[in-house]
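Here is a small protein question session for someone who is new to reading structures. How does one get from a computed value to a word such as buried or exposed?

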Amino acid sequence: MAALTKIGVKMFGPFSPREFTDTSTLQSAIQTDIQAIADSSSTSSVIDTEVFPVLGNYFVMVTYQLA
């Protein structure tokens, strides 16, 4: 089994359902949020993303490698 060390998780949102209908706007917003993570090893260190609906809005959880 692999040992995961130096892993961080950030939650972004809320994003409205309207933002999810326009994929280019949503993609731009999420990429801006990911690039703003200060403690990641690089902007390409994203390991996983998950989308969660909560009370009619959406949140994006990003798992990434720490610096």
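Q: Where does Thr 63 lie, and why is Thr 63 called buried?
A: In this predicted model, Thr 63 lies in strand E3. Its relative accessibility is 15%, and the word buried is used for values under 20%, so Thr 63 counts as buried.

Q: What is Thr 63 in contact with, once its neighbours within four places in sequence are left aside?
A: Thr 63 is then in contact with Ile 7, Gly 8, Val 9, Ser 45, Val 46, Ile 47 and Asp 48. Contact here means heavy atoms within 4.5 Å. Asp 48 also stands opposite Thr 63 in E3.

Q: How do you know that E2 and E3 pair, and in which direction do they run?
A: Two strands pair if at least two bridges are found between them; 8 bridges join E2 to E3, and therefore the two strands count as a pair. They run antiparallel, and Val 51, whose bridge partner in E3 is Val 60, gives one example of such a partnership.

Q: How do you know that E1 and E3 pair?
A: The reasoning again rests on the requirement of at least two bridges. E1 is joined to strand E3, residues 57-65, by 7 bridges, so these strands pair as well, and they run antiparallel. Lys 10, for instance, stands opposite Val 62 in E3.

Q: What makes E1 and E2 the edge strands?
A: The 3 strands form an open sheet in the order E1-E3-E2, with antiparallel pairing. Strand E1 (7-15) and E2 each pair on one side only, and this is what makes them the edge strands. From one strand to the next, the twist averages 20°.

Q: Which elements make up the protein, and where does helix H2 lie?
A: The secondary structure comes to 2 helices and 3 strands, and from the N terminus on the elements run β-α-α-β-β. Helix H2, which covers residues 23-35, lies across E1, E2 and E3 and runs at about 145° to E1.

Q: Why is Leu 26, in helix H2, called buried or exposed?
A: The relative accessibility of Leu 26 is 10%, and because buried means under 20%, Leu 26 counts as buried. Leaving aside its neighbours within four places in sequence, Leu 26 is in contact with Phe 15, Glu 19 and Phe 20. Leu 26 and Phe 15 are 11 residues apart in sequence, and their C-alpha atoms are 8.2 Å apart in space.

Q: Why is Phe 52 described by a word other than buried or exposed?
A: Phe 52 has its place in strand E2, residues 46-54, and its relative accessible area is 34%. Since buried means under 20% and exposed means over 50%, with partly exposed in between, a value of 34% makes Phe 52 partly exposed.

Q: What makes Phe 52 eligible for a nonpolar surface patch, and which residues make that patch?
A: Patch residues need over 30% relative accessible area, and Phe 52, with 34%, is above that cut-off, so this requirement is met. The patch of about 420 Å² is made by Met 11, Phe 52, Val 54 and Leu 55.

Q: Why is Leu 55 called buried or exposed?
A: Leu 55 has a relative accessible area of 85%, and because the word exposed applies over 50%, Leu 55 is exposed. Leu 55 lies in the loop between E2 and E3, and these two strands form a hairpin with 2 residues between them.

Q: What makes the phi of Leu 55 worth a remark?
A: Most residues other than glycine have a negative phi. Leu 55 has a positive phi of about 50° although it is not a glycine.

Q: How do you know that the peptide bond from Gly 13 to Pro 14 is described with a particular word, cis or trans?
A: Most peptide bonds are trans. The bond from Gly 13 to Pro 14, however, has omega near 5° and is cis; Pro 14 is found in strand E1.

Definitions and conventions:
Residues numbered from 1 in each chain as written. Predicted model: local features only at pLDDT ≥ 70, side-chain atom pairs only at ≥ 80, totals over all residues. Heavy atoms only, no water. Patch = residues over 30% accessible without salt bridge, like charges linked within 9 Å, V, L, I, M, F, W, Y side chains within 5 Å. Areas by Shrake-Rupley, 256 points an atom, 1.4 Å probe, with all protein chains shown as cover. Salt bridge = Lys/Arg side-chain N within 4 Å of Asp/Glu carboxyl O. Helix = DSSP H or I, 4+ residues; strand = E, 2+ residues; numbered from the N terminus. Buried < 20%, exposed > 50% of the residue type's maximum accessible area, 1.4 Å probe, protein only. Axes fitted to C-alpha atoms, helices over the stretch in contact; angles between N-to-C directions.
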